[in-house]
Amino acid sequence: MKSKSNKQDKKNSKWNEYKWALQLALLAFAISVTFSFVSEVALKKTSLLVSTIIVLLFILIGVLFDMVGMAVATAEEAPFHSMSARKIKPAKVAVMLKRNAGKVSSFCNDVIGDICGIVSGSAGVVIATSVSTMWNVSLLLSSLITTGVIAALTIGGKAFEKTIAMEKSNEILYQFSKVLSIFYVGKKG
């Protein structure tokens, strides 16, 4: 009897993994389309300076979410239990996030972080074209420089934030939980 139960548990677990991957893919699609739409609409009607600020904003969002994903994965759950017992809502959210660290990390790093990287890269094409036209520079040269700068800022920012995320993981998790607790409606008590 126990053997059937274990097999069913494994089957349910496998199904939950597939279901989560499918949900993540659909969510990534929706967020990507939304970010790309906003980026395309905003970049077509703005100056080079505003376009650059929008790209920098996407890079910053990607780096920040990468930091949150790393912090959730490396934070300790125990410090949040005593706060949660005292009915501190952000601590309850932190415990929930930590217990789902794999999913939270996937969402923050893979969905938001990667989408921001892709969107900032495609938005870089608009900037490269503008730079090429405005300053009569080869499109190849402006594309190479724009791509290089975007890659350097993204990769450098993520490398820098990883150290901070690991050293201050509990604090970052708590601050992120404070923001989420504004929107979170969980079990009472």
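## How confident is the prediction?

This is a predicted model, and the mean pLDDT of the protein chain is 90. Of its residues, 94% reach a pLDDT of 70 or more. Confidence isn't spread evenly along the chain, though. Helix H1, covering residues 2-44, has the lowest mean pLDDT among the elements, at 81. At the other end of the scale sits helix H7, residues 169-181, with the highest mean, 97.

## The overall build

What is the chain made of? Seven helices and zero strands. If you walk along the sequence, you meet the pattern α-α-α-α-α-α-α.

Now for the overall dimensions. The C-alpha trace spans about 75 × 40 × 30 Å along its principal axes. The radius of gyration is 21 Å, whereas a compact globule of 189 residues would come out near 16 Å.

## Inside, outside and long-range contacts

Buried residues make up 33% of the 189 residues in the chain. On the outside, the chain exposes about 11,900 Å², and carbon and sulfur atoms supply 68% of that area.

The contacts tell you something about how the chain comes back to itself. Take the contacts with a separation of 6 or more: 80% of them are between residues 24 or more positions apart.

## Helix H3 and its two sides

Helix H3 runs from residue 78 to residue 85, and its buried residues are Phe80, Met83 and Ser84. They cover an arc of only 100° around the axis, so they end up on the same side of H3. Turn to the face pointing away from that buried side and you'll find the exposed residues Ala78 and Ala85.

Which helices help cover the buried residues of H3? The cover includes helix H4 (89-99) and H7. After H3 comes Lys87, which has a positive phi, near 65°.

## A closer look at Phe80

Phe80 is a good residue to zoom in on. You'll find Phe80 in helix H3, and it is buried, with a relative accessible area of 2%. Why does 2% count as buried? Because the label applies to anything under 20% relative accessible area.

Leaving out residues up to four places away in sequence, Phe80 touches Ala91, Ala94, Val95, Asn170, Leu173 and Tyr174. Try picking out Ala91 in the structure: it is 11 residues from Phe80 along the chain, and their C-alpha atoms are separated by 5.2 Å.

## Salt bridges

How many salt bridges does a search of the whole structure find? Three. One of them brings together the side chains of Lys162 and Asp66, at 2.4 Å from N to O. Lys162 lies in helix H6 (residues 139-167) and Asp66 in helix H2 (residues 48-74), so this pair ties together parts that are 96 residues apart in sequence. Lys162 counts as partly exposed, at 28% relative accessibility, whereas Asp66 is buried, with a relative accessible area of 5%.

Lys162 also forms a salt bridge with Glu161, and here the closest N and O atoms are 3.6 Å apart. Glu161 is buried, with a relative accessible area of 2%. Because they share partners, these salt bridges join Asp66, Glu161 and Lys162 into one network.

Elsewhere, the side chains of Glu77 and Arg99 meet in a salt bridge, at 2.8 Å from N to O. This pair links distant parts of the chain, 22 residues apart: Glu77 is in the loop between H2 and H3, and Arg99 is in helix H4. Buried or exposed? Glu77 is partly exposed, with a relative accessible area of 22%, while Arg99 counts as exposed, at 56%.

## A stop in helix H1

Finally, have a look at Val33, which lies in helix H1. At 43% relative accessibility, Val33 counts as partly exposed. That label fits because partly exposed covers the range between buried, under 20%, and exposed, over 50%.

How far apart are Val33 and Val119 in sequence and in space? They are 86 residues apart in sequence, and 9.6 Å apart in space from C-alpha to C-alpha. Keep in mind that H1 is the element with the lowest mean pLDDT, 81.

Terms used
Residues numbered from 1 in each chain as written. Heavy atoms only, no water. pLDDT = per-residue confidence, 0-100. Helix = DSSP H or I, 4+ residues; strand = E, 2+ residues; numbered from the N terminus. Buried < 20%, exposed > 50% of the residue type's maximum accessible area, 1.4 Å probe, protein only. Arc of directions from axis to C-beta. Contact = heavy atoms within 4.5 Å. Rg over C-alpha atoms; globule rule 2.2 N^0.38 Å. Areas by Shrake-Rupley, 256 points an atom, 1.4 Å probe, with all protein chains shown as cover. Salt bridge = Lys/Arg side-chain N within 4 Å of Asp/Glu carboxyl O.
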